[in-house]
Amino acid sequence: MSNYGKIYGIGVGPGDSDLLTVRAVKILGKVDVVFAASSTKNDYSHSLSIASEYLHEGCKVVRLGYPMTRDKAKLQEAWEENCKIAAEYLSEGKSAAFLTLGDPLIYSTFGYMLRTLRKFYPEVDVEVVPGITSYQAAAAKSCQVLVESGQNLLLTSGVADADEFAHTISCADNAVILKAYRNFPELRKKVKELNKMDVKFYTRLGLEGEAIYNDIDEVPDTTHYLSLMLLTASDKD
C-alpha cells in the first residue's frame, strides 16, 4: 500500500468563484496542501485567486513556477522539478490539490503534472475533479447554443499555425478557439475569409476587465491571455 497522500486535480472554472463545483469546494476545505501554478515571471495565480475563499486556515499554499516558453528542454525541466516538489509533500502522507483554470484535462498545466507523476511516482493516487470551462461560461453568458443535432464542435487553440488553423475550422460546423490572444490579427483575418460562422470574442470572463465583443473588428489587435472565440453555425443560413 502506498504511503503517499492523494492529489486532486481541481478545475476552478473560468473566473467567478461561485462556478466551482460542490465537490471541488468540499475537497479544498480538507486538503493539507494546495499547489498553485503561476508564471516564473511572477507568482500570481489566477486559479488561486478564484479558489482562495474555500481554503481552510491551516492549508499550506505552494506556488509552482512554470516558464512561459516553447523551449521543450526548459519546459520538461520545470515539469519534473514541480512534480518533485509535489511528490515531497505527498510522500509525507499529506493530501493535496492542484488548482487549474477551467477543467484539469483541457489545455491545462495539470496535464503535465499528471503525466510526470505517472512516470516518476506511479504509486501516487490521483483524482480529477472536473471544472466548468471558459467556453461553457462564454456560451452561457451569451445564451449561445454551441452545438446541436448532427453538427460537430471543434475545440482548438489559437497557438496553431494560421494556415493549419484555417484548414481545420473550414471543416467545422462550430468551433471554440482558446488562447485566441496569440496571433489574433491573423486569426481574425482567417475567420473573416471563411465567412460561414457567427463570431463572438470574450476576454477575462468572470474577472475584472471582462469584455464581450459581438463584432471581432472591434477587438484590439493585442488582447489578454485569457481570451477565446466562439464560432457558431450562422443563423443566416
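1. Helix 6 (residues 162–170) and helix 7 (residues 184–194) cross at roughly 35° in this predicted model, with their axes coming within 10 Å. The crossing is right-handed.

2. On the helix 6 side, the contact is made by Ala-162, Asp-163, Phe-165, Ala-166, Ile-169 and Ser-170. Helix 7 contributes Glu-186, Leu-187, Lys-190, Val-191 and Leu-194. Sorted by class, the residues of this contact are seven nonpolar, one polar and three charged.

3. The sheet is open and has five strands, ordered 3-2-4-1-5, with parallel pairing. Strand 3 (60–66) and strand 5 (126–129) each have a single partner strand, so each is an edge strand with one side left without a neighbour in the sheet. From one strand to the next, the twist averages 25°.

4. At the strand 3 edge, the partner is strand 2 (residues 33–39), and the two pair in the parallel sense over seven bridges. To locate the register, take Phe-35: its bridge partner in strand 3 is Val-62.

5. Helix 3 (residues 72–90) lies across strand 1 (7–11), strand 2, strand 3 and strand 4 (96–100). Its direction is at about 165° to strand 3.

6. Helix 4 (residues 110–120) lies across strand 1, strand 3, strand 4 and strand 5. Relative to strand 5, helix 4 runs at about 160°. Strand 1, strand 3 and strand 4 thus appear in the lists for both helix 3 and helix 4.

Terms used:
Residues numbered from 1 in each chain as written. Predicted model: local features only at pLDDT ≥ 70, side-chain atom pairs only at ≥ 80, totals over all residues. Heavy atoms only, no water. Pairing = 2+ DSSP bridges. Helix = DSSP H or I, 4+ residues; strand = E, 2+ residues; numbered from the N terminus. Axes fitted to C-alpha atoms, helices over the stretch in contact; angles between N-to-C directions. Contact = heavy atoms within 4.5 Å. Left-handed = near helix turned anticlockwise from the far one by under 90°. Nonpolar A, V, L, I, M, F, W, Y, C, P; charged D, E, K, R; others polar.
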